[in-house]
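Q: I am new to this structure and would be grateful for a close look at a single part of it, the pairing of charged side chains. Please also describe the surroundings in which that pairing should be read.

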Amino acid sequence: MTMQDRTFSPSERAALAHTHGERCADCGATALAFTDDPALRGHADHATSFADGGTTTFDNGDWLCGPCNLRKGRKSRALRKFAAPAKPKLDRSKMRSWALEAIDAALDRQRTTGARSFFVAAGVGSGKTRAALGLYLAGDFDYIIAVVPKTGIRGSWESDAKEMGINLKPIEEGVRFKNEANHQTHGYVLTAGMINSVVAMLANLCARHRVLVVVDEAHHFAEGLAWTDALAAALGTAAFSLPMSGTPYRADNKRLINLNYLQDEDSTKIGTGQPDFVYSYEQALAERFVAPVVCRTMGGAITHCERENGQETRRTYSFDDDYAALEAKAEARKLSNKRLHVATVFAYDWQLDAVAEARKELVQMTLDHPHPWGGLVVCYTVEQARKLAKLIKDRWGDKCLLIVDEADTARAVAKFTQDSSYRWAISITKVSEGISIDRLRVGVLLSPVRSQSFFEQVRGRLARLENDIPWASQRGYFFVPDDPDFRLYAEEAHQMILHSVPWLADPEILRQRTAAERVQELAEIITGAAPMPSPEEAAQLSQHLSAPAEAHRTVLGSYTCYSIHEMTGAVTEYGEAVTEEEWKTRLRDEILANTGNALIASAASAADLDLFNDLFGDDK
């Protein structure tokens, strides 16, 4: 036997490194084929050791980092325990009861049936991140990989993991697995968009270890989507997967991965999704893990004026109009969509008055219980968010923080949380979901996206509790357009609150009984299903929640907004909405600039001249 017999050739080393993506086969750390840095240099080694008769061939080759190669010694792959970090034990006393129930159910399912997936539907504020981390600690798993749809969600995973003694590292753009984390890192958290860049590395980790994969906000991962295909390629061989979502359904009717469906009678539909475990917002509310959020619908009327092709068109859209009564359902839906779009995208006066209604509650809440409470405004476009931030500051002097860049969401959220001088967080649709923002107690939805999942996701931003503040002082208010779909969602939310907190359902109990009688009767109503409220708590909450849903409707008034399209030549995707005064000024400037005072009579179109004279008379 010679040293040459034990040494892989340069071409074999290069091939092994390439096959493993220049990652350690045991721990996934960076292991380069060609480098002057000994800490990063990979080792070609025998899968079956040379001493046990293993051949020095590519088929019997492993690619390891230096620490793993030295640690394994002469053990063959089949005999050695791969380098997985020691992990802390699960402290069950610090876990919520529903989380322990879900963990036990998932592990029992895995043990008794060999199942490799368990879908958990848990609402906002329920603590599902900690439940997933608890499953990793309780189960026979070497590593945990958490996949999230957006960067803003990643920070909460890292902080919760740290509190539980778990070293969770982020995988970011252009960043490789780091050698210093080889045997101390319990797992990784990454966005779905990063999967393709580390497919080989993650697949290798799953092949060598028992990996728990957590798919957070799993409704983003439906069959046939690019993200889902990448997830299957990278993590499809994991020991166990835990998809989680507070809204386990999609508006586009696509199937979610690892979610069972009951087939509907209508075979053209995918059926109803059946999660393996459900812990709803309603259950969390009954246990006081979240705040009750009251929905308020905002009505009013907007006259929308547009000037295109030399013509001015006007149409008034009122939330009092029942388009559903129209015989032509397609036309009714078209008008309903247009009304919602005009109000939430174009009509800045209407939007600002909606914010004013929310601001009243915010101010009153601060007076009732001094705390730097804040509000969330969810817009449709970045341009809209920026303009509203300016309008809010100009009208009230309130400090606003724009959260419109998904890549910078985590930093912006931390800034809003830490700096209580910010009263409003103003975001756009795509950064409203799954983001934990402290201090929020009112929200205004100014987007034409009307899916129930979107409604629930935004409403959930207002349900998280603040520490050291009485539960009864942490009610939330969600202001939405008085659209039929939103109205239905709001009514369902209202009934859910009354059902989960039954002592709110009958305010007469609070008005007609003495304190002692109140406590006794409330106890009979609750029957042990929820924590006992004090009479003061009950009175405070019932004042805001026991009224019928119709009482939560607000009519803002009548407004006129003008959209400039062809007049200025600066056409945007959604058009540009301006006030009547701005519209007249721009129209006058347009005509004067294009024709000149002396040429108006001969050069301007008849429609322009008529409109010009109607608006400005002799003042040219």
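A: A salt bridge is counted here where a side-chain nitrogen of Lys or Arg comes within 4 Å of a carboxyl oxygen of Asp or Glu. Side chains of opposite charge can pair when their charged atoms come close. The model is a predicted one, and by this rule its count comes to 20 salt bridges.

One of these pairs joins the side chains of Arg395 and Asp353, with 3.4 Å from N to O. Arg395 belongs to helix 12 (residues 382–396) and Asp353 to helix 11 (residues 348–368), so the pair links distant parts of the chain, 42 residues apart. Arg395 counts as partly exposed, at 44% relative accessibility.

A second pair is formed by Lys399 and Asp419, whose closest N and O atoms are 3.6 Å apart. Because Lys399 lies in strand 15 (residues 399–403) and Asp419 in the loop between helix 13 (409–418) and strand 16, this pair ties together parts that are 20 residues apart in sequence. Lys399 is partly exposed, with a relative accessible area of 35%, and Asp419 is partly exposed as well, with 27%.

A third pair consists of Asp276 and Arg109, with 3.0 Å between the closest N and O atoms. Asp276 is in the loop between strand 10 (272–274) and strand 11 (277–279) and Arg109 is in helix 4, so parts 167 residues apart in sequence are tied together. Arg109 is partly exposed, at 29% relative accessibility. Beyond such pairs, Asp320, Asp482, Arg487 and Arg553 are linked in a network of salt bridges.

Arg339, in helix 10 (residues 329–346), offers a contrasting case. Arg339 is buried yet has no salt bridge, and the nearest side chain of opposite charge, that of Asp483, is 4.7 Å away. That distance falls outside the rule, because a salt bridge requires the nitrogen and oxygen to be within 4 Å. Leaving out residues up to four places away in sequence, Arg339 touches Tyr317, Ser318, Phe319, Asp321, Tyr323 and Pro484.

Two further charged residues draw attention through their backbone. Most residues other than glycine have a negative phi. Glu217, however, has a positive phi of about 50°; Glu217 is found in the loop between strand 7 and helix 8 and is buried, with a relative accessible area of 8%. Arg439 likewise has a positive phi, near 80°. Arg439 sits in the loop between strand 16 (422–428) and strand 17 (440–445) and counts as buried at 4% relative accessibility.

The nonpolar surroundings complete the picture. The largest nonpolar core has 71 residues, of which Trp98, Leu135, Trp157, Leu212, Leu242 and Phe478 touch the most other members. Helix 4 (residues 97–113) supplies the largest share of this core, 7 residues; Arg109 of the third pair lies in helix 4 too. Apart from this core lies another, of 42 residues, among them Tyr348, Val404, Val442 and Tyr477. Phe478 also meets charged residues: with neighbours within four places in sequence set aside, its contacts include Arg296 and Arg459.

Over the whole protein, 52% of the 620 residues count as buried. The secondary structure comes to 21 helices and 20 strands. Among contacts between residues at least 6 apart in sequence, 71% join residues at least 24 apart.

Notes. Residues numbered from 1 in each chain as written. Predicted model: local features only at pLDDT ≥ 70, side-chain atom pairs only at ≥ 80, totals over all residues. Heavy atoms only, no water. Helix = DSSP H or I, 4+ residues; strand = E, 2+ residues; numbered from the N terminus. Buried < 20%, exposed > 50% of the residue type's maximum accessible area, 1.4 Å probe, protein only. Contact = heavy atoms within 4.5 Å. Lys, Arg positive; Asp, Glu negative; His and termini not counted. Core = buried A, V, L, I, M, F, W, Y, C linked by side-chain atoms within 4.5 Å.
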